[in-house]
Amino acid sequence: MSAKKAFNTKAKLISNQHISGNNWHALLRVPAIAAKAVPGQFIQVRFSEGIEPLLRRPFSIHGARGADISIMYEVVGTGTRIFSEKKAGETLEVVGPLGNGFDISLSRCKGVEVSILVAGGMGVAPLVFLAQKLSTISSKLETVVLVGGRTREQVLCLNEFRKTGCAVKVSTDDGSSGTRGRVTNLLENALRKIDDPECTMVYACGPKSMLKGVDTVVKKFGIPAQLSLESHMACGIGACLGCVVDTTEGYKRVCKEGPVFNAQELTWGERTE
Amino acid sequence: MTVNLAVSIGKLKLKNPVMVGSGTFGYAEEFGDFVDLKNLGAIVTKTITIKPRSGNPSPRTCETPAGMLNSIGLENPGIDKFISEKLTELLKIGPPIIVSISSIGDPKEFITLAARLDKIKAVAAIELNLSCPNIKEHSRLISQNPKFTHAVVKMTRKVTKKTLIAKLSPNVTDIVEIAKAAEDGGADAVSLINTLGGMSIDVKSRTPKIAMITGGLSGPAIRPVAVCMVWETYRKIKIPIIGMGGIMDTQNALEFFMAGATAVSIGTGNFINPGLTMEIIRGLESYLSKNKLSGINQLTGSVKT
Ligand SMILES: Cc1cc2nc3c(=O)[nH]c(=O)nc-3n(C[C@H](O)[C@H](O)[C@H](O)COP(=O)(O)OP(=O)(O)OC[C@H]3O[C@@H](n4cnc5c(N)ncnc54)[C@H](O)[C@@H]3O)c2cc1C
Ligand SMILES: Cc1cc2nc3c(=O)[nH]c(=O)nc-3n(C[C@H](O)[C@H](O)[C@H](O)COP(=O)(O)O)c2cc1C
Ligand code: FES
């Protein structure tokens with residue numbers, strides 16, 4: 001844990017572009033973080049020198065290349081609205097990289113490793129970075145990405161995923177793109193074809209309802225999954241105990257022990273948000 | 001010109017007056033990447049109770065105008081695990097360690113906790129959290145009643161010679177009366193202020209924004225309340241005041257000194273700028289030298305009225 005280092009630093013906004021709907025993509029020049037970031041980690045961004053909004057906002061690292069990291073975000077409130085109004089050349093204060101990323105070592109697998117990435121809406125953000133990482137590892141021979149959204153507009157990053165060489169399947173609630181229905185149905189179909197659970201890992205990020213659905217499906221097939229959770233954060237660095245999620249070992253901090261958790265340890269109990 | 005940032009709180013000598021608010025700095029290790037921890041004036045721990053507490057359900061925090069609500073519920077490992085796992089690491093850092101303690105049921109738990117800590121020589125001071133609003137077992141806080149405040153400080157005083165700090169709640173009719181009760185009970189200092197009771201509702205879903213419905217308000221929103229309470233108390237008690245509430249920069253910290261604080265604690269500000277404590281130490285230094293003041297002591301209560 002202590003080997004990991006986080007930085008409290010300034011980032012220069014290289015670009016900040018509207019993609020679709022309320023979705024945006026930002027490129028930040030922040031060499032220290034870019035050098036250390038691993039898929040699943042996040043940064044805490046401060047949008048104002050003043051007090052509105054007061055707290056930093058957490059965003060998954062969507063990619064890291066050279067001195068830059070990219071972020072994908074949806075405008076949902078004050079902070080993200082201010083983010084979308086920032087222009088290239090402006091600076092932002094960022095803290096990161098934070099949290100534990102995805103664990104991509106399948107130690108018990110002797111054969112071909114199958115990675116199944118399940119993304120809902122903005123949940124694509126960290127999974128593109130993960131897909132890129134997986135594509136560089138020779139033993140990860142097969143990666144399947146399942147992307148879901150309410151409508152066509154919410155299905156994001158298909159090209160980014162395809163560029164990494166993985167198979168991509170899409171579902172939308174209204175059928176406007178891909179299969180009509182839930183992304184968890186796609187997952188169920190994919191898992192039916194798996195013959196070696198020890199060589200399979202599901203990675204998921206998206207709304208809580210989707211993650212709960214993923215959890216139900218993987219348990220049915222006895223396949224492990226790593227889920228990236230969200231929580232309301234104040235500090236983002238493990239100090240305030242504000243972001244906890246209920247696990248089989250009691251409350252854990254999403255910002256520190258997470259945001260990626262093994263599905264088996266989550267209780268989804270009534271003590272959870 | 002060399003300036004002197006050193007201050008005394010009871011028997012405690014601090015090399016500078018910048019400390020951290022209980023519950024806002026974890027067990028310090030969380031800030032190791034952002035702060036030169038050895039330069040802090042003192043480190044106050046998260047409040048410790050006798051038994052471990054898992055704390056309240058999520059969501060535990062939400063943002064409010066210029067502030068935030070929290071209802072953590074004193075999540076802590078309990079005194080045994082604190083001593084065996086956290087304290088040793090804390091003591092290695094260097095600055096005085098002030099252990100914050102609280103009772104959950106019986107106020108006599110303060111005696112048990114203080115007696116345990118009294119035996120550990122390296123513990124610099126004990127802060128009595130008489131003011132945590134986030135425990136469902138409490139309908140009223142000890143520091144909402146001058147008699148209880150007096151009694152708890154007095155009985156704790158009997159079991160320890162260490163510097164005792166009483167941390168008080170702003171949710172009272174007359175803060176001066178409570179601070180005096182703490183002073184009379186034998187407190188060496190008071191910490192002002194803990195969070196103000198607060199509530200925020202998501203009108204779309206008609207639900208409270210935090211699971212415990214109400215919580216404690218902190219951050220810049222409460223600063224004028226805190227400065228006011230420091231000022232009112234300063235004129236009526238002799239023991240030093242540790243001021244806190246919404247300090248976000250050096251200017252804010254200066255307000256507290258001018259109102260009567262001997263030292264300050266940084267709380268919510270650590271979340272927004274994890275390096276804030278160091279910036280404020282440097283800021284105070286340069287303020288003193290610019291204004292040709294030799295010591296921070298000269299600022300305490302120096303507001304011109
Ligand atoms: C580890 C982590 C990684 C994240 N990664 C991304 C990402 O890559 N892209 C992205 O668009 N968003 C991401 N989020 C969510 C993002 O942090 C919130 O959308 C953002 O904080 C909202 O800020 P705001 O000021 O615009 O909205 P606010 O005005 O604060 O709130 C608007 C609405 O969003 C909800 N909200 C606020 N904060 C959160 C939160 N932390 N989680 C869930 N809902 C929240 C509020 O309850 C409210 O309904 C991530 C969250 C976490 C915890
Ligand atoms: C998340 C959080 C947790 C806190 N936990 C404690 C605690 O355990 N014990 C305590 O005495 N005060 C606790 N406090 C109160 C702070 O120490 C401080 O008194 C208060 O927040 C006001 O200062 P600020 O506005 O600078 O944060 C907590 C505050 C916050 C925001
Ligand atoms: S956000 Fe503060 S501990 Fe996680």
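## Exercises on a predicted two-chain model

In this predicted model, about 2500 Å² of area is buried between chain A and chain B, and carbon and sulfur atoms give 59% of that area.

**Exercise 1.** Describe the side of chain A that touches chain B, beginning with the residues that lose the most area.

*Solution.* Begin with the area: Leu54(A), Leu241(A) and Tyr251(A) lose the most to chain B, and together they make up 23% of what the side of chain A buries. Next, count the residues in contact, which are 30 in chain A and 31 in chain B. Then turn to the charged groups, where two salt bridges are counted between the chains, one of them joining the side chains of Arg57(A) and Glu63(B) at 2.8 Å, N to O. Strand 1 (7-20) and strand 15 (250-253) of chain A each supply at least two residues of this side. Finally, sort the residues of the side by type, which gives 17 nonpolar, five polar and eight charged.

**Exercise 2.** Work out which strands stand at the edges of the seven-stranded sheet in chain A, and explain why one side of each is left without a neighbour.

*Solution.* First write down the order of this open sheet, 11-10-9-8-12-13-16, in which the pairing is mixed. Strand 11 (179-180) and strand 16 (260-262) of chain A stand at the edges, and because each has a single partner strand, one side of each has no neighbour in the sheet.

**Exercise 3.** Find the sense in which strand 9 and strand 10 of chain A pair, and name the bridge partner of Val145(A).

*Solution.* Strand 9 (residues 142-149) and strand 10 (residues 167-172) of chain A pair in the parallel sense, over six bridges. Within strand 10 of chain A, the bridge partner of Val145(A) is Val168(A).

Methods
Residues numbered from 1 in each chain as written. Chains lettered and ligands numbered in written order. Predicted model: local features only at pLDDT ≥ 70, side-chain atom pairs only at ≥ 80, totals over all residues. Heavy atoms only, no water. Pairing = 2+ DSSP bridges. Helix = DSSP H or I, 4+ residues; strand = E, 2+ residues; numbered from the N terminus. Contact = heavy atoms within 4.5 Å. Buried area = accessible area lost by both parts, 1.4 Å probe. Salt bridge = Lys/Arg side-chain N within 4 Å of Asp/Glu carboxyl O. Nonpolar A, V, L, I, M, F, W, Y, C, P; charged D, E, K, R; others polar.
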